[in-house]
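Could we go through this model together, term by term? I would like to see how each label follows from the values.

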There are 2 protein chains.
Amino acid sequence: MASKANNPLHSNYSTPKALELESIDFFVRLMSLLGLPRSVGEIYGLLYFNHDSMCMEQIASKLAISIGSASQGLKTLRSLKAVKTSYVPGDRRDHYLAESEFRRLFSSFLKDEILPHLESAKDRISRMEESLPVENQEQSEFYNIRIEKLKRLTKTSGRLLPALAGLLRL
Amino acid sequence: MASKANNPLHSNYSTPKALELESIDFFVRLMSLLGLPRSVGEIYGLLYFNHDSMCMEQIASKLAISIGSASQGLKTLRSLKAVKTSYVPGDRRDHYLAESEFRRLFSSFLKDEILPHLESAKDRISRMEESLPVENQEQSEFYNIRIEKLKRLTKTSGRLLPALAGLLRL
DNA sequence: TGCACTTTTCATTTTTTTTTGAAATTAATG
DNA sequence: CATTAATTTCAAAAAAAAATGAAAAGTGCA
């Protein structure tokens, strides 16, 4: 414990409680908007205002969640590039810091969660075209217009979303 | 039934089964991406390739869902302006058609689901600023930078999202 | 290599969300 | 205005998602 006080890597400042709670609240809501579980938001919210890195056990006990949740949540955050690990000499545990560039988080999110759906949407639209009735003129017209709109939707999304992520240099 | 065959408002064309299934599949996934329940996607997917309007009972029985689900789902779709009702003479039931302009759907979605969160995020950030410690210089610096990033995130989102909805004139 | 510690995995439990369907409400018709 | 049809509501059931925690797997150090 004395070593921690002397270690320049540890500032020993603890986040003010009220700030920490607001932060957790903020990110729980944000992550839930992205369809991510509560625990992921809690972990990121906790790390976001923490000057020092934390190991998994600290995170779990501070948030009063299980180590299973913490492990899963950190895995998700790592895959989103929303946390980075920091090396702490003399400690073999992994230590985590929040990646405060949201752009990374959003662009990984787009890549992981949205783009795969866009891909499969294209396939689905192709299958729709194959299943169109050939006979009736008036009727085909209606179906073609609808399919055209779906194509525009996927095309526009495929262009707009990555551009959006790029704009988010916060 | 003979009256239906003679009624110009009813084209009597039924959507090809394969097309209908692909459509339902497509919109179930899309709606689920927006956090909306399966039944909402099913209903919209069914209506999207239907030339004629359908009443709630028809929708529920075609999709094999309860009338409770159908009622709830249509309520959601109405609030998103994703369906419109059409008047059918001599029938007191409501009849529904898909609104095929996705722009409406997305802009209502933004207004209903996203913007309220942005509002409350602003309040939360204000509270964070109030709970900052006044003492330590070095430490305040860190917190201020983080809070600044949150502000930029909410400001950028508040500008970008409505602009995005505008761009979606599909 | 073997030990001790750390992290991940995953079957089970808990919580949350969605669906159901019957009762209540609303609205149209004779 | 009473009857009947259509729709909504909502408590309960079912399904889906998330959290738990103990066992398994991984990892570094002596």
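What follows is a short exchange about the two chains and the DNA strands.

This is a predicted model, in which local features need pLDDT of at least 70 and side-chain atom pairs count only at pLDDT 80 or more, while totals for chains, interfaces and linings use all residues. Residues are numbered from 1 along each chain as its sequence is written, and chains are lettered from A and ligands numbered from 1 in the order in which they are written.

Q: What makes chain A and chain B related as by a two-fold rotation axis?
A: Copies are superposed by least squares on the C-alpha atoms of residues with pLDDT of at least 70 in both. Here a rotation of 180° with 0.0 Å of shift along its axis places chain A on chain B, with an RMSD of 0.1 Å. The two copies are therefore related as by a two-fold rotation axis.

Q: Which residue of chain A comes closest to that axis?
A: That is A:Gly35, whose C-alpha is 3.5 Å from the rotation axis.

Q: How do you know that the same surface serves both copies?
A: Two residues are in contact if their C-beta atoms, placed from the backbone, lie within 7 Å. By that test, 37 residues of chain A are in contact with 36 residues of chain B. Of the contact residues of chain A, 97% recur in chain B, so the same surface serves both.

Q: Which helix gives the most to the side of chain A that touches chain B?
A: H7(A) does, with eleven residues. Helices are DSSP runs (H or I, at least four residues), numbered from the N terminus. Helix H2 (17-33), helix H6 (102-130) and helix H7 (137-167) of chain A each supply at least two residues of this side.

Q: What makes a residue count as near DNA strand D, and how many do?
A: Its C-beta atom, placed from the backbone, must lie within 6 Å of the strand. For DNA strand D, 22 residues do so, with A:Ser39, A:Ser66, A:Gly68, A:Ser69 and B:Asp94 the closest. H5(B) gives the most to this surface, with six residues.

Q: Which residues are the closest to DNA strand C, and which helix gives the most there?
A: The closest of the 22 are A:Gly68, B:Pro37, B:Ser39, B:Gly68 and B:Ser69. H5(A) gives the most, with six residues.

Q: How do the residues near DNA strand C divide by class?
A: There are seven nonpolar, eight polar and seven charged. Ala, Val, Leu, Ile, Met, Phe, Trp, Tyr, Cys and Pro count as nonpolar, Asp, Glu, Lys and Arg as charged, and the others, Gly among them, as polar. B:Pro37 therefore counts as nonpolar and B:Gly68 as polar.
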